[in-house]
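Me: Please take a close look at the pairing of strands in one sheet of this model, and then follow the thread outward to the surroundings, other sheets and loops. A connected account would suit me better than a list.

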Amino acid sequence: MGILDSKVPAGPLADKWTNHKNHIELVNPANKRNIDIIVVGTGLAGGSAAATLAELGYNVKTFCYQDSPRRAHSIAAQGGVNAAKNYQGDGDSVYRLFYDTVKGGDYRSREANVYRLAQVSTNIIDQCVAQGVPFAREYGGLLDNRSFGGVLVSRTFYAKGQTGQQLLLGAYAAMNRQIQRGKIKSYTRHEMLDMVLVDGKARGIIARDLVTGEIERHSAHAVVLATGGYGNLFFLSTYCMGANVMAAWRAHRRGAFFANPCFTQIHPTCIPVSGDHQSKLTLMSESLRNDGRIWVPKRLDDAKAIREGKLKPIQLKEEDRDYYLERRYPAFGNLVPRDVASRAAKERCDAGFGVNKTGEAVYLDFAAAIYRYGKEEALTHGMKGADDKEIIKLGKQVIENKYGNLFQMYEKIVDENPYETPMMIYPAVHYTMGGLWVDYNLQTTIPGCYAAGEANFSDHGANRLGASALMQGLADGYFVLPYTIGDYLSQDIRTGAISTDSPEFDAAEADTRARLEKLMSGKGLHSVDYYHKKLGKIMWNKCGMSRNAKELQEAIDEIAELRADFWENVRVPGTAVSKNQELEKAGRVADFLELGELFAKDALTRNESCGGHFRDEYQTPEGEALRDDENFKFVSAWEYKGEPKEAVLHKENLVYENIELKTRSYK
Amino acid sequence: MKLHLKIWRQKDANSKGQMVDYPLNGIEKDMSFLEMLDVLNEQLINNGEEPIEFDHDCREGICGTCSLMINGRAHGPDTRITACQLHMRSFSDGDTIVIEPWRAKAFPVIKDLIVDRSAFDRIQQAGGYISVNTSGNPVDANAIPIEKDMADKAFNAATCIGCGACVAACKNASAMLFTSAKVSQFALLPQGRVEATERVQSMVRQMDIEGFGNCTNTGACEVECPKGISLENIARMNREYLSATVQG
């Protein structure tokens, strides 16, 4: 176990959380009024945590870099949120959701955390419906479900392709209620630049007002980081432009261990890159794989003709198409987990079967689904002799009802009509399973510093299943953290207000000011984006969908070199005492340049393939991931020691008492 | 493509702003509008000038952060999309493009093309929620069936991204479409009916305090709304408000 104590409660798996809740300390309502909590980030995890903590009676301050808490990137989640409600009567249960999630994560997550997640998943749906979240419903007025990758039941609740938006607006509304009551003070256009520790405990943050440039001190009895993932490390990703690792990385530098940095999710269905100008990538929801069939041409010359524009995909006969997921994984077909689907697409494109100009795209085809739905519609509407034209028209309406906004989004970006011709898709960076190491209580290795949602590492192992990010964010914020943080704060009822006028705050503010000054005083050779793009290229080429020891070592060296170049030569125009978007970006990229190296180091250390981490050296003869449970059944938690190369690895061994470790198979 | 850009530059809230001309070459049709601005900014930085600040984040039309008035239209010439979803194929070689921030008294300019939309947050804080505890144990989600038609209408109202295009497009800078979308979402659902009276009164009161203009039913907001929020919502809010007033 070493110095990492996961604090997983004893007892049978199904009773752990209930027993734990029954035995942890509570804080008296009168004392809660004297306790302050800072929540950084206002997405699903942060927003729901802030609302719930304020409702319990704590004084909450929230911070977000956006102009409103409602704009956090949880809003862009499309497909849905999982919950073990078993409304469809298809055999779902808490155990199955737990099992699917552990298996989907390739046996690199903590059993007790995942079981708790599955348990509280049902509360999430109840809670959100009570808040007025307009989930999709059936004609009978009850909630509808759909299927996602890596599972054999329909447990995903959704609101068209805008589920994240609706859930976030629910959490934002709950926050608003507390803002109106004076229990939350919301700081927008603010960024956390450092964490302040007093006597080894997290006691506040240093933040920058992004409008005035002013540096502010904020104190609290505990700090919650719900600041999302670090996928923008790759420059191109489906993250929003501002997504960054700064808060988590600042906490890391102050003593919070960083877990599994190399576990990244590359999502199989994104709109392919169109050119060098590209600033971000757009996801096409996994829910599309319910109905879309993925294929490339069977013959290389057909693929070449398509790339050159001489052949159209709809001209290619059925027998000339390779539905490679259905071929390789007949049991799960197009609904294999994301890591498997992404690698399969890369494999086909690397073999020369790619279908766009750059050769890095495969088709996602809805023609069969349109026909199938159209036939069903014709029959239910009593149209017995409907011809193909009518059937296709009806089928298109069904598809539009299900995925209308996604199809529209695709058409606006690519300028092709996906109702008429198959979509082109390619994998892109989408989510990071790694993050701050937390124990069962979601506390990091800094006492009083908690991490929730994507910012922590806790529940998804080496690969996250679809519709589980929203589930985890809300589970952490609404149902886990509000309990566990009370246990810690019960020791703080006599502490009184934390002063910001202390040597610790002085020192942290001085550090922050020095760092900003250093960023402003580069020689001015290259813009921040220049460095960010360079880092992204290294990451994508050497730490992307497949990795090997040689290239990972090269990545480590190249990133260290790029970081030194950045600090010497970056050009940040304007001043630090006004609105300055380039300075904001510079601070974020500076942290990515450290994390990137640790990421590669972590990947190099993990001599196995598991989930999203695929090492060329470790694969089966069929090209599937080869896990090594004997030597790598652990969470890697890195301790900061200065330069990333000095980071020290601590291992939390994973114990499986309820699930038998197996080779993950979706065949 | 070669473009002539005319862009609003303003140092901060207290300074006077002005339109500045920027010629720009080498723009490709597949670029998004914001990527075109990225190219311009990269050039400005490399020339030692300060880049143009504009709000943007998700770049996929859902966060509602981007807020550009392009050639006099909120989010530009295409319909049902945000500025970040607009692509340069909507323009032609040699075009002059005028880019301004949202113009409304309730949305003061912060810098260049960035405006302060916190008034929208305050309208929501005034009552845009259902008073249910998040840490309690509410009833099973399927305990209250909701007619699909009503659920769909509530969803359609709830898709508002709070970008402010409705205000920017309105000659009165009215926030009726935004406010009514939130009022409607809750008014259409049984969970929201309990507080409907108080909600509509508080939210309308806050909307007036913020200095948004009145609605004169011109419908520009609906036309420019990237999410197609319907004018029906304004009618519904007026009914709700009237009946709340009658009830006292």
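Reply: Two strands are taken as paired if DSSP finds at least two bridges between them, and the description of the sheet in chain B rests on that criterion. The model is a predicted one, so what follows describes computed geometry under that definition of pairing.

In chain B, 5 strands form an open sheet whose order is β2-β1-β5-β3-β4, and the pairing within it is mixed. The edges are taken by β2 (18-24) and β4 (73-74) of chain B; because each of them has a single partner strand, one side of each is left without a neighbour in the sheet. Strands of a sheet pair through backbone hydrogen bonds, in either the parallel or the antiparallel sense. One antiparallel pair in chain B consists of strand β3 (residues 68-70) and strand β5 (residues 96-101), which are joined over 3 bridges. Within that pair, the bridge partner of B:I70 is B:I99 of β5(B).

Chain B also meets chain A, where 66 residues of chain B are in contact with 65 residues of chain A. On the chain B side, the elements that give two or more residues are α1 (33-46), β6 (109-111), α2 (118-125), α3 (148-158), α5 (176-187) and α6 (190-193) of chain B. Of these, α1(B) gives the most, with 7 residues. Sorted by class, the side of chain B that touches chain A has 26 nonpolar, 21 polar and 19 charged residues.

On the other side of that contact, the secondary structure of chain A comes to 18 helices and 19 strands. The radius of gyration of chain A is 25 Å, close to the 26 Å that the globule rule gives for 667 residues, so chain A is as compact as a globular protein of that length. Its C-alpha trace spans about 80 × 60 × 50 Å along the principal axes, and 60% of the 667 residues of chain A count as buried. Among the contacts in chain A with a separation of 6 or more, 74% are between residues 24 or more positions apart.

A second open sheet, in chain A, can be set beside the one in chain B: 3 strands in the order β6-β7-β8, with antiparallel pairing. Here β6 (190-198) and β8 (215-219) of chain A stand at the edges, and since each has a single partner strand, one side of each is left without a neighbour in the sheet. Neighbouring strands of this sheet are turned by 25° against each other on average, with direction ignored. The pairing of β6(A) with strand β7 (residues 201-209) of chain A is antiparallel and extends over 8 bridges; within it, A:V196 has A:G204 of β7(A) as its bridge partner.

The edge strand β6(A) leads on to the domains, for chain A is divided into domain 1 (13-263 + 433-492), domain 2 (269-427) and domain 3 (516-629). The C-alpha centres of domain 1 and domain 3 of chain A lie 26 Å apart, and the contact between these two domains takes 27 residues from domain 1 and 29 residues from domain 3. On the domain 1 side, β6 and α7 (246-253) of chain A each supply at least two residues. That side has 17 nonpolar, 7 polar and 3 charged residues.

A parallel pair is found elsewhere in chain A, where 5 bridges join β1 (residues 36-40) to strand β2 (residues 59-63), with A:F63 of β2(A) as the bridge partner of A:V40. Strand β1(A) is mostly covered, 5 of its 5 residues being buried. In a regular strand the side chains alternate between the two faces of the sheet. In β1(A), A:D36, A:I38 and A:V40 point one way and A:I37 and A:V39 the other way, and all of them are buried.

Two loop residues of chain A complete the account. A:K160, in the loop between β4 (156-157) and α6 (163-180) of chain A, has a positive phi of about 45° although it is not a glycine. A:A467, in the loop between β17 (449-451) and α13 (469-489) of chain A, also has a positive phi without being a glycine, near 65°. A residue counts as buried if 20 or more other C-beta atoms lie within 10 Å of its own. A:K160 is therefore buried, with 25 such atoms, and A:A467 is buried as well, with 27.

Key:
Residues numbered from 1 in each chain as written. Chains lettered and ligands numbered in written order. Predicted model: local features only at pLDDT ≥ 70, side-chain atom pairs only at ≥ 80, totals over all residues. Helix = DSSP H or I, 4+ residues; strand = E, 2+ residues; numbered from the N terminus. Axes fitted to C-alpha atoms, helices over the stretch in contact; angles between N-to-C directions. Rg over C-alpha atoms; globule rule 2.2 N^0.38 Å. Buried ≥ 20, exposed ≤ 12 C-beta atoms within 10 Å, placed from the backbone. Contact = placed C-beta atoms within 7 Å. Nonpolar A, V, L, I, M, F, W, Y, C, P; charged D, E, K, R; others polar. Domains from an automatic or database assignment.
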